[in-house]
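Trainee: Please take a close look at the ligand site in this model. Then put that site in its wider surroundings.

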Amino acid sequence: MKTTLLLILGIVVFGCTIKSKQEFVSLPSNYYAESYRPQYHFTPDSMWMNDPNGMVYYDGEYHLFYQYYPDSTVWGPMHWGHAISTDMLHWEHQPVALYPDEYGYIFSGSAVVDWKNTSGLGKDGQPPLIAIFTYHEPEGEKAGEIDYQTQGIAYSNDKGRTWTKYDEPVLKNPGIRDFRDPKVSWYPEGQKWIMTLAVKDHISFYSSPDLKSWKHESDFGTDVGGHGGVWECPDLFKMTDQNGTEKWVLLVSINPGGPNGGSVTQYFIGEFDGSQFKNENPSADPIWFDWGKDNYAGVTWSDIPEEDGRRLFIGWMSNWQYANVVPTQKWRSAMTLPRELSLVSTDGTYQVFGKPATEVESILNKEDMFKMQEVEVNNDVTLLFDGQVGGGAWAASLFMDASESEVIKLKLLNALNEEAVVTFDLAENKVHFNRDNAGKKDFSPEFAVPIVGDCSFNNKVELKVQVYWDESSIELFVNDGQFQMTNLVFPNKDWNQIELEAKGKVKIMEATYAPINSVWGN
Ligand code: FRU
């Protein structure tokens, strides 16, 4: 008996020692298998998460920090949770990076590599990583004060593994209640750092030589864009369009005030000279980044190497209208897919496109991929993919000739007759999303409302639609990211059918369905 036990033990120990470090970690078989748990989107292991924070790339690693409350599945005293990835899809959870302290909770912010060690916080010739965040002092808020939000910094000398807060806040509050979410980037032309800060109903730009002392440069935005709510979580970056023209893009999230209710992200395009942002959008109307209800507080990665050159985005896949009550148990909220942004000009008008980062392609299960070609749907309904749609997570793409069609509906259906419906109204240039009969919705009256977005099809012959389904979210991309729509859905059973219904004639040139396996190691 003893010998057998020893033998088994020996095999187990030997078996383990020859495994790589990664395989060593044994995950329980039910890891990330709760209902509605995304299989290829980032979610915290447990508890509450909101905005992505401190997204920085350094030494082959993407860092994702996030607004985190480790003691509950609803919002509370904010910490910065942390995860690291080499492809923005497979994440390794890290210990909490920043805890609340005497200056307050740790609200949203950004992180940079201080390549020139302007802060003097580097060590052993290595550049420090610097996180710049908002301190939110709850006692001051309760006491009715107005200056309880300030900006602080923290630094890391070990590739982001541990963080030390720098003495005291580096930017005091000038007497404005909403003063937060600093996004910092290096402005090489002026050899200085620029902080883009959300201040109630506008953006304030600050500059600094060393990330510690900050000077106010200018304000932007009180009279343009969406103002149905408070401005939050901005980002400022330069992009080049398909003709080589450079423009600056300013992302600003607002809550509430979204076109479909609640939280939303808008953007501006123009010039930035190191001091002022000049908006060049001829209309004062807001331009929405994503027309769905569930893509908020998204920002882009800092320090992506020049040879890569991409502008990579992640947003928080929820909405403050119901984020605290969505029907998940162990954890709350997921991030969007990593998306690659591009600047596209059409007849002098600029638009930011967003589509899944190329890495996403690598997690499609190619072996079980299903393809169909040359199918015509004429005032009719067709079951797509020969009924091959299975439970779990998947991606589908459709490439269609829609020149003779007025309305196309894409329906996800399950055995309970629940359905999530996307309607492409080609005549009206609108995309509708209906989740009224798509499963759980009673947790909030704001959830199952009609959702609609503007999408200029312009009588285009070709229509490319990509859908990413992941247990409780649908990300929709039209024409390579010209139109983005992100929505949560909580069906009571897995989708097992996808249907396409056409008013008029539509020709599906090619349609692909691919299951997506879990990236969480089970
Ligand atoms: C946006 C936001 C930020 C703030 C954080 C607090 O969702 O309200 O403005 O820093 O969340 O968690």
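Mentor: We start at the ligand and then work outward through the chain.

Some ground rules come before the detail. This is a predicted model, where local features need a pLDDT of at least 70 and side-chain atom pairs count only at pLDDT 80 or more, while totals for chains, interfaces and linings use all residues. Residues are numbered from 1 along each chain as its sequence is written, and side-chain values use heavy atoms, with hydrogens and water left out.

Take the ligand shell. There are 13 residues around the ligand. A residue is near a molecule if one of its heavy atoms lies within 4 Å of it. D51, Q67, R180, D181 and W320 come nearest. By class, the shell holds 6 nonpolar, 3 polar and 4 charged residues. Here Ala, Val, Leu, Ile, Met, Phe, Trp, Tyr, Cys and Pro count as nonpolar; Asp, Glu, Lys and Arg count as charged; the others, including Gly, count as polar.

Which strands build the shell? At least two shell residues each come from β1 (47–58), β5 (105–113), β9 (179–187) and β13 (230–240). Strands (E, at least two residues) and helices (H or I, at least four) are DSSP runs, numbered from the N terminus.

Now the polar pairs. A polar contact is a pair of N or O atoms within 3.5 Å; within protein, one must be able to donate a hydrogen and the other to accept it, and residues adjacent in sequence count only if both atoms are side-chain atoms. The side chain of N50 puts an N or O atom 3.0 Å from a ligand oxygen. The side chain of W75 also has an N or O atom 3.0 Å from an oxygen of the ligand. For R180, a polar side-chain atom sits 2.7 Å from a ligand oxygen. The ligand taken alone exposes 310 Å², and the protein buries 95% of that. Accessible areas come from the Shrake-Rupley method with a 1.4 Å probe; for residues, only the protein chains shown count as cover.

Next, β1 and its two ends. M47 is found in strand β1. Its phi is near 75°, a positive value in a residue other than glycine. M47 is partly exposed, at 23% relative accessible area. The cut-offs are these: buried is under 20% relative accessible area, exposed is over 50%, and partly exposed lies in between (1.4 Å probe, protein chains only). D59 sits in the loop between β1 and β2 (61–69). D59 also has a positive phi, about 50°, though it is not a glycine. D59 counts as exposed because its relative accessibility is 52%. For background, most residues other than glycine have a negative phi, and most peptide bonds are trans.

A cis peptide bond does occur in this chain: it joins N255 and P256, with omega about -10°. P256 lies in the loop between β14 (246–255) and β15 (264–272).

Now look at the loop that runs into β9. K172 lies between β8 (164–165) and β9. K172 counts as exposed, since its relative accessibility is 52%. Leaving aside neighbours within four places in sequence, K172 is in contact (heavy atoms within 4.5 Å) with T150 and F179. K172 and Y148 are 24 residues apart in sequence and 9.2 Å apart in space, C-alpha to C-alpha.

F205 makes a contrast in cover. F205 lies in strand β11 (residues 202–208). F205 is buried because its relative accessible area is 0%.

Step back to the domains. Domain 1 spans 47–358 and domain 2 spans 364–516; these bounds come from an automatic or database domain assignment. Their centres, taken over C-alpha atoms, are 31 Å apart. In domain 1, 25 residues are in contact with 27 residues of domain 2.

E475 is a good place to finish. E475 belongs to strand β30 (residues 473–478). E475 counts as buried because its relative accessible area is 0%. A polar contact of 2.4 Å joins its side chain to that of H41. Beyond four places in sequence, E475 touches H41 and others, among them M317, T336, R339, Y468 and M485. Q39 lies in the loop between α2 (21–24) and β1. Q39 counts as buried because its relative accessibility is 11%. The side chain of Q39 makes a polar contact of 3.1 Å with the side chain of S518.
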